[in-house]
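Colleague: I'm new to this one. Could you walk me through how to read it?

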Amino acid sequence: MGSPFDLDDDVSPPADQPAPSPWLAALNSEQRLAVETTEGPLLVLSGAGTGKTRVLTARLAQIIAQGRARPWQVLSVTFTNRAAREMRERVQRLVGAAAEQVWLGTFHALGARILRRHAPLAGLESNFTILDVDDQLRLLKQILTEEGIDAKASPPQMVMASIQRWKDRGLPPARLPNAEAVELAGGRGAAIYRIYQDRLAALNACDFGDLLLHCLTIFQNPAHADILADYQDRFRYMLVDEYQDTNVAQYLWLRLLAQKHRNLCCVGDDDQSIYSWRGAEVGNILKFESDFPGARIIRLEANYRSTPTILAAAAGLIGHNLGRLGKTLRPGNAEAERGPPVVVRALWNGAEEARWVVEEIEAEQRAGTKLGQMAILVRAGFQTREFEDRLIATGLPYRVVGSLRFYERQEIRDALAYFRVVAQPADDLAFERIVNTPKRGLGDSTLQALHVLARRQGTGLVEAARLLAGTDDLKPKARKALADLLADFARWRTLLATMAPGPLAETILDQSGYTAMWRQDRSPDAQGRVENLKELVAALEEFDNLGGFLEHVSLVMDNDDKSGGERVSVMTLHAAKGLEYDVVFLPGWEEGVFPHQRALSEGGLKSLEEERRLAYVGITRARRQVFVSYAATRRIYNRWQDSLASRFIAELPDATVETLAERGLSGGFAAASVPAWAPRPSVQAPVAPERSYQPGERIFHQKFGYGRITAVDGNKLDIFFDKAGAKKVVDSFVMPAENL
DNA sequence: GATAATCCGGTTTTT
DNA sequence: CCGGATTATC
């Protein structure tokens, strides 16, 4: 942060005093108050760019350095691993190694830590697995099928979402209000939820929501009052970051733990609440005072990030929301230059918009702004493509933040599933994932048989596999494959104790044939997948054992960018929260795009206000300048669609804005009703002509790319594709290559 | 059981 | 128009 904190004159100590503690250095008066009010419940309303991280770290450092509590008596919670890491590093710098003993982490990591200690009380063993979304969904689908629930009427995704929301609200199946599940799964929602939870327990597994939900169940059980009392005693001080994003379960968790010492400090900003669709409850901020009588509230309103103009624009916009707690950002530095206005630019279409944005980026770069200090923030992920195209065409280095995370890639998940089967033999979901990957001739029918047997015997799949391999219910081929696989598992498990995790992982991936599977794959991305597997093995070197690594992975799904050079960042507005840039581009400000159509048609005022907060978050990311833009027409799903400027544009105060429009686009607002122009006909994909093909001919296929015909049989072609290898394809799916 | 053809739906997603 | 998920076919 290059903010001029040192210009704040009310922090300078009197000359005859000893130098202040380092953690108090460079704090303004309101920040300092928030740091020094250590006793009793405290709510810090901290606007964008007002230095909340600084306050949190200073507060934590002070509590430890002054000996108000031992490090392990302090709980500090964040939402992201990034935030947790950053805080630990900063506190370490202030108080040294003591920082390592603080209970500092994400809600989920801390929940897992507590739950592992008391797992049996939640029907789990302490080495339980934390499932990823893939596994959860697979499990739920099984249940829905078994229960004869129509997947069309009740999409698994939707049922899953409901279950997650219940967990977000701290509701285990037993506490679910009767009315809740009626709409779901033909009225059987509650039953499904219960089965899902039972099945997780049988698998010795839990999902993310359970990490907190199980804690709550244990804490709230009068039979184990001693456990709760123990934690309540322990946590003398508690700090919470991004409090506006807490859901009910997290809130209850905090409230229970803070009950005894009541030294709970929550830092948040209701204007930056953008995750309500994930169960976050802004209401938690409002409830704070009533739940903790005598709570103090401190507002941080001095912004050290943005120019006065940007702050005024943001304030004007967010002022259109009702029911705010009320907070006005003011420039932290009274002498700051007003700064350039927010540029609002109307363009004809998306391609032009991308072109304009990239031109401005180049102009900024020429003027001395580093590429790493510029960001394009979009509403939805798909919008990044247009900008990527343009950036590539221009040759500007860029990075897309938050897309395809390392641990979510197919090959990584497969590899992890292998590790899980070895480290946690009861992990049926992992087993199922890899039992036929690579192909071993153990397909659906074998799996069905395993399921039936497992159910009948009341065992897990792996055990069922062992039984089944000993019978002759399977065809010899499948039986051999299964026995071989089990022998592999057994061998790897014996290595578990003796071999370092890195080499062990490599052994598993090699002997299972998994690496070979990708080596042989001709598809364009196979090469990269092999690379990713290598990276995974390399990452394992740092761990003592496989189990530790798996715990790490299930909790820490982050992707550090090790990109060295300066790059323009492209990301969603959600991903941008907490970040800052000199120059920020906010494209796609059109009704239906931003605010999003679904927010307009479904969620009513609440949704619209959340969209507005998202816009507010976007604007307040900028230190020096904001560029807003929108296109009069956009091609969505191959349809040209006229659009109107976002209402948020009109909500920016006139004095903060400079409007630029293309000739013909009136007053900066799309003349959508009078399209005085015609969209250029889109480049038509060549239509397959009615013709016959000859062997040897070069062709193109939508999915497989280019290839050469090796044989013709009526309308069926044998083709050897450059990338995908030999395939049989019907001729209407290909076109002569020279047509392109 | 593996592959090709067809169908369908299409925000945001810190763990 | 794209991709994934489902179905249809060999």
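Modeller: Sure, we'll go from the whole chain to some helix pairs and then to single residues.

Modeller: This is a predicted model, where local features need pLDDT of at least 70, side-chain atom pairs count only at pLDDT 80 or more, and totals for chains, interfaces and linings use all residues. Residues are numbered from 1 along each chain as its sequence is written, chains are lettered from A and ligands numbered from 1 in the order in which they are written, and side-chain values use heavy atoms, with hydrogens and water left out.

Colleague: How many helices and strands are there in chain A?

Modeller: Both are DSSP runs numbered from the N terminus: helices are H or I with at least four residues, strands E with at least two. Chain A has 27 helices and 23 strands. Of its 740 residues, 50% are buried, where buried means under 20% relative accessible area, exposed over 50%, and partly exposed in between (1.4 Å probe, protein chains only).

Colleague: And how do I read two packed helices?

Modeller: Two packed helices are described by the angle between their axes and the distance between the axes. The axes are lines fitted to C-alpha atoms, for helices over the stretch in contact, and angles run from 0 to 180 degrees between N-to-C directions. Angles under 35 degrees count as roughly parallel, over 145 as roughly antiparallel, 65 to 115 as roughly perpendicular and the rest as oblique.

Colleague: At what angle do α17 and α18 pack?

Modeller: Helix α17 (residues 444-457) and helix α18 (residues 461-469) pack at about 105 degrees, with axes 8 Å apart, and that makes α17 roughly perpendicular to α18. The residues that meet, with contact meaning heavy atoms within 4.5 Å, include Leu 450 and Leu 453 in α17 and Leu 461 and Leu 468 in α18. By class, this contact has nine nonpolar, two polar and no charged residues. Here Ala, Val, Leu, Ile, Met, Phe, Trp, Tyr, Cys and Pro count as nonpolar, Asp, Glu, Lys and Arg as charged, and the others, Gly among them, as polar.

Colleague: What about α15 and α23: how do their axes cross?

Modeller: The axes of α15 (residues 410-423) and α23 (residues 546-555) come within 10 Å and cross at roughly 130 degrees, so α15 and α23 are oblique to each other. On the α15 side the contact is made by Leu 416, Phe 419, Arg 420 and Ala 423, and on the α23 side by Leu 546, Phe 549, Leu 550 and Val 553. That gives seven nonpolar, no polar and one charged residues.

Colleague: Now a single helix. How many residues of α10 are buried?

Modeller: In α10, 10 of its 11 residues are buried, among them Tyr 251, Trp 253 and Leu 257. At the start of α10, a side-chain oxygen of Asn 247 comes within 3.1 Å of the backbone nitrogen of Ala 249.

Colleague: Where does Asn 263 lie, and is Asn 263 buried or exposed?

Modeller: Asn 263 sits in the loop between α10 (248-258) and β7 (264-268), and Asn 263 counts as buried because its relative accessible area is 9%. Its side chain reaches the backbone nitrogen of Gly 40 at 2.7 Å. Leaving aside neighbours within four places in sequence, Asn 263 is in contact with Thr 38, Glu 39, Gly 40, Arg 236, Tyr 237 and Met 238.

Colleague: And Ala 367, buried or exposed?

Modeller: Ala 367 is exposed, with a relative accessible area of 65%, in the loop between α13 (350-366) and β12 (374-378).

Notes
Polar contact = N/O pair within 3.5 Å; in protein donor to acceptor, adjacent residues only side chain to side chain.
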